[in-house]
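Q: I have a model open and want to learn how to read its sheet and its cores. Can you walk me through it?

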Amino acid sequence: MENIDLSGLSPQELQELATQAKKQRADKLLKEKEAYEGIKNELLTSMKARLDDLVAANEEFKGFIRNETKAFHGVMWDYGKLYKKRQENYSIESNTFKIDVTYSKKKGFDERANVAANRLMVFLSDWMSTAEGGDQNPMYNLSLSLLQKTKKGKLNKNNIKVLYAQEQKFNNKEYSEIMDLFKESNTIVTNQYYYSFFEINEHGRWVKIEPSFNRI
């Protein structure tokens, strides 16, 4: 950088020189930021495009394996390879490659549970008004706490089981009917098939193939 003798400059000229230097620094920073943003956006655009392709391919493969294994399930039954017609967990394998199909069903509460919870709140309020200790009654406070929902807005099934256990303590027809409604609402809300892939390694052992690139 060329050295400039500032001793002969007037205050106004010094101010103009400082303003010019400040503008040059700002222009340089702006160009560097624009260059960075350009490189970043190019990277993200490329990554997003390839990710979209990967997601689409994954969805296509998921549909393919679901349909093919479902169709082959019937073939396995016809050839006596299943111990029951509605067998949900099974394997399809050759000498070097294997697919494990596993089925999972998860129970949860349907909308009737919210009706039961509201009825229980009303019941507890009425019950508390005549119970020993009023709103300080341990059974009352425990029951209220068990109705608190999770962060996802769901009833905790373990808490509801504790409410079931209190049925004899309350010994009340309305309470029993509410518990019956909870039980009726506890139905299968999700079911899912999972597919695992294995291949024989050099030692003759089955080794799991992980389609997720994070596990490669």
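A short dialogue on the sheet, the helices and the cores follows.

A: Keep in mind that this model is predicted.

Q: How do strands of a sheet pair, and what is the strand order here?

A: Sheet strands pair through backbone hydrogen bonds, parallel or antiparallel. Here the sheet is open, with 4 strands in the order β1-β2-β3-β4 and antiparallel pairing.

Q: Why is one side of β1 and of β4 left without a neighbour?

A: Both stand at the edges: β1 (90-93) and β4 (206-209) each have a single partner strand, so one side of each stays free of a neighbour in the sheet. On average, neighbouring strands are turned by 30° against each other, direction ignored.

Q: How many bridges join β2 to β3?

A: There are 13, between β2 (residues 97-109) and β3 (residues 186-200). As one pair to look up, K106 has T190 in β3 as its bridge partner.

Q: Which strands does helix α1 touch?

A: Helix α1 (residues 11-78) packs on the sheet and touches β1, β2 and β3. Its direction makes about 95° with that of β1. Helix α6 (residues 173-185) lies across β2 and β3, at about 30° to β3.

Q: Where do nonpolar side chains tend to be in soluble globular proteins, and which residues have the most contacts inside the largest core here?

A: They tend to be buried together. The largest nonpolar core here has 20 residues, and L120, L163 and F182 have the most contacts inside it. Helix α2 gives the most, with 7 residues. Among the residues F182 touches are F109, L120, L147 and L163.

Q: Which residues does the second core include?

A: This separate core of 8 residues includes M76, L82, Y90 and I99.

Definitions and conventions. Residues numbered from 1 in each chain as written. Predicted model: local features only at pLDDT ≥ 70, side-chain atom pairs only at ≥ 80, totals over all residues. Heavy atoms only, no water. Pairing = 2+ DSSP bridges. Helix = DSSP H or I, 4+ residues; strand = E, 2+ residues; numbered from the N terminus. Axes fitted to C-alpha atoms, helices over the stretch in contact; angles between N-to-C directions. Contact = heavy atoms within 4.5 Å. Core = buried A, V, L, I, M, F, W, Y, C linked by side-chain atoms within 4.5 Å. Buried < 20%, exposed > 50% of the residue type's maximum accessible area, 1.4 Å probe, protein only. Lists of a residue's contacts leave out its neighbours within four places in sequence.
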